[in-house]
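Grab a pencil and work through the exercises below. Each one sets a task and then walks through a solution.

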Amino acid sequence: MTRRVPILRQNGILIASIQEELSDGDILALQSRILSDVVSINAKAVVIDVSALDVLDSFGTRTLTEIASSVELRGARTIIVGIQPEVAMAMVLLGLDFRNIATAFDLDHAFDLLRAA
Amino acid sequence: MNSASIQTIRSDGDIVVARQTGRKIAEDVGFSRADQALIATAISELARNIVVYANSGEMEISPVETVSRSGVRVTAQDYGPGILDIKAALADGFSTGGSLGLGLPGTRRIVDEFDIQSVPGEGVTVTIVKWIGR
């Protein structure tokens, strides 16, 4: 089963709102859609809400990091929103992190960060 | 007592099902939400190794209980090429599959017992156990 993540557009910001657990293929599909949408609307920022995710393993972390790096090279920013506390703990123990990527605890916080920049 | 689950792992969808099954069994056994996330993450890494390196294999997830403690045991078995250098595969940052190289060493860090057996040409079997409250 393929799960398509809704991507909203608001004032030049792409908001990818992950609703349920994603397979590796779903995450790769999200990656290519975000990158093409960033170009098509000249997005200045990408906000990815991961609060519905129960697991962020090495593959998920690496792919989100790749998305953020590509978006940044394009001149836009990426903010990862809503990492669950248990997920954050598991990531740290596994040796994973989102170094150099902005994170926020909810969407409001993400927009505050974007306004402040 | 909860029953064990045995699943075939051969696609990325199977990885999702395996970690959801593992989380459910961990919850039934009585693990905290934090430990459920650790177990689900470990299962995800082991299941992905099967898909990436061996194409297919099996995973058994079962509750374990002794007189003094309860936990979950996961056995991931494949019949792929095997691992030539297990010591290297357990080192942070080592990967032959283009990944971060944190799957196996990371998994070993977050469980209480970790065993890996590999015969080159015959496959890999990884067994992990996590106990409650350790």
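**Exercise 1. Find which residues of α4(B) are buried, and say what covers them.**

Step 1: Go through the helix and pick out the buried positions, where buried means under 20% relative accessible area, exposed over 50% and partly exposed in between (1.4 Å probe, protein chains only). You should end up with Gly103(B), Leu104(B), Pro105(B), Gly106(B), Thr107(B) and Ile110(B).

Step 2: Set that against the length of the helix: six of the eight residues in α4(B) are buried, so the helix is mostly covered. Helices here are DSSP runs of H or I with at least four residues, strands are runs of E with at least two, and both are numbered from the N terminus.

Step 3: Look for the cover, using contacts (heavy atoms within 4.5 Å). It includes α3 (85-94) of chain A, along with α2, α3 (86-89), β4 (113-119) and β5 of chain B.

A word on the ground rules: this is a predicted model, where local features need pLDDT of at least 70 and side-chain atom pairs count only at pLDDT 80 or more, while totals for chains, interfaces and linings use all residues. Residues are numbered from 1 along each chain as its sequence is written, chains are lettered from A and ligands numbered from 1 in the order in which they are written, and side-chain values use heavy atoms, with hydrogens and water left out.

**Exercise 2. Is Thr41(B) buried or exposed, and what does it touch?**

Step 1: Place the residue: Thr41(B) sits in helix α2 of chain B.

Step 2: Check its accessible area. At a relative value of 2%, Thr41(B) is buried.

Step 3: List the contacts, leaving out residues up to four places away in sequence. Thr41(B) touches Val55(A), Asp57(A), Ala90(A) and Leu94(A).

**Exercise 3. Describe the largest pocket and its lining.**

Step 1: Get the volume, which is about 640 Å³. On a 1 Å grid over the protein atoms alone, a pocket is an open set of points with protein on both sides within 12 Å along at least five of seven lines, a cavity is a set where a 1.4 Å probe fits but cannot get out, and lining residues have an atom within 4 Å of a point. Points are joined across faces, edges and corners, and the volume is the space filled by probe spheres set on them.

Step 2: Turn to the lining. Of its 34 residues, Asn49(B), Tyr53(B), Ile83(B), Thr96(B) and Leu104(B) are the closest to the pocket's centre.

Step 3: Sort by element. Two or more lining residues come from each of α2 (58-73) of chain A and α2 (33-54), β3 (70-78), α4 (103-110) and β5 (123-131) of chain B. The largest share, eight residues, belongs to α2(B).

Step 4: Sort by class: 19 nonpolar, ten polar and five charged. Nonpolar covers Ala, Val, Leu, Ile, Met, Phe, Trp, Tyr, Cys and Pro, charged covers Asp, Glu, Lys and Arg, and the others, Gly among them, are polar.

**Exercise 4. How many cavities of 30 Å³ or more are there, and what lines the largest?**

Step 1: Search the whole structure, and four turn up.

Step 2: Take the largest cavity, with about 60 Å³ of space.

Step 3: Name its lining: Glu21(A), Leu22(A), Ile27(A), Leu53(A), Val55(A), Leu56(A), Asp57(A), Gly60(A) and Arg19(B). By class, that gives five nonpolar, one polar and three charged residues.
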